[in-house]
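Let us walk through this structure together, from its overall layout to its disulfides. Please keep the sequence and the view at hand as you read.

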Amino acid sequence: MIFFNKFLLFIALIIVIINSGESLECYVCTNQDQNHEKCLNTIKTCEPEEDMCLSEISWGSPPYWVEGGIKQYYVSKRCATRATCEAVKTKTMPSCTYLWYQDWKCAECCLGDRCNFYITMGSSAVKSNLILLLGCIAVLIGFHVTKTV
């Protein structure tokens, strides 16, 4: 009988160890202005039902009034269920434009421990918008210079 009780205790301990080893880890942060520091140094062990890492990035004016209204990025990361991830992605899809002159928000979900280290959403689109902006400025300056000469 004592052997059987010890055996059950051993099995229960093994199950607890295995279940704790299956927990997902995600980077977490809220409305940080870069994908640095807190967003790359804060890790959370997700709840058992949270099976995905969710990253959200937005571009827009600060939530408080600032003279000049300079736009900037806001990064948020967290653990989420698959249903929550899909709901957030669906909700942000209409505003996920990556246009530099308007506010936008995008979401991305991934599977696997710490898979949300990088913000991969539209990085090439953001760079291409910046190149387009710089090109437009150069054309306008060139047009202004040739018109005044």
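The paragraphs below begin with the fold as a whole, then turn to strand pairing and the cysteine links.

What you are looking at is a predicted model. Its chain holds 4 helices and 6 strands. Reading from the N terminus, you will meet these elements in the order α-β-β-α-β-β-β-α-β-α. Of the 149 residues in the chain, 26% count as buried. The accessible surface amounts to about 10400 Å², and carbon and sulfur atoms make up 65% of that area. If you take the contacts with a sequence separation of 6 or more, 62% of them are between residues 24 or more positions apart.

A good place to settle your eye is strand β5, residues 72-80. Strand β4, which covers residues 52-60, pairs with β5 in the antiparallel sense over 9 bridges. One bridge to pick out here links S58 with its partner Y74 in β5. Strand β2, residues 29-32, also pairs with β5 in the antiparallel sense, over 2 bridges. In this pairing, C29 has K77 of β5 as its bridge partner. As background for following any of these strands, side chains in a regular strand alternate between the two faces of the sheet.

Now to the cysteines. How many disulfides does the chain have? The count comes to 5. Numbering the bonded cysteines along the chain, their pattern is 1-5, 2-3, 4-6, 7-8, 9-10. A disulfide is a covalent bond between the sulfur atoms of two cysteines, and three of these links are worth visiting one by one.

Start with C29, which you have already met as the bridge partner of K77. Its disulfide partner is C39, with the two sulfur atoms 2.0 Å apart. The link of C29 and C39 is right-handed, with 90° about the S-S bond. Because C29 sits in strand β2 and C39 in helix α2 (residues 38-41), this pair ties together parts that are 10 residues apart in sequence. Are its two ends buried or exposed? C29 has a relative accessibility of 3% and so counts as buried, and C39, at 0%, is buried too.

Next, look at C46 and C79, joined by a disulfide with an S to S distance of 2.0 Å. C46 lies in the loop between β3 (43-45) and β4, while C79 belongs to strand β5, so this pair ties together parts that are 33 residues apart in sequence. The torsion about the S-S bond of C46 and C79 is about -75°, which means that this disulfide is left-handed. C46 counts as buried at 4% relative accessibility, and C79 is buried with a relative accessible area of 6%.

The last stop is the disulfide of C96 and C106, whose sulfur atoms lie 2.0 Å apart. With 105° about the S-S bond, the link of C96 and C106 is right-handed. C96 lies in the loop between α3 (82-92) and β6 (104-110), and C106 lies in strand β6, so the pair ties together parts that are 10 residues apart in sequence. The ends of this link fall into separate classes: C96 counts as partly exposed at 24% relative accessibility, whereas C106 is buried at 1%. The cut-off explains the classes, because buried means under 20% relative accessible area.

Key. Residues numbered from 1 in each chain as written. Predicted model: local features only at pLDDT ≥ 70, side-chain atom pairs only at ≥ 80, totals over all residues. Heavy atoms only, no water. Pairing = 2+ DSSP bridges. Disulfide = S-S within 2.5 Å. Buried < 20%, exposed > 50% of the residue type's maximum accessible area, 1.4 Å probe, protein only. Contact = heavy atoms within 4.5 Å. Areas by Shrake-Rupley, 256 points an atom, 1.4 Å probe, with all protein chains shown as cover.
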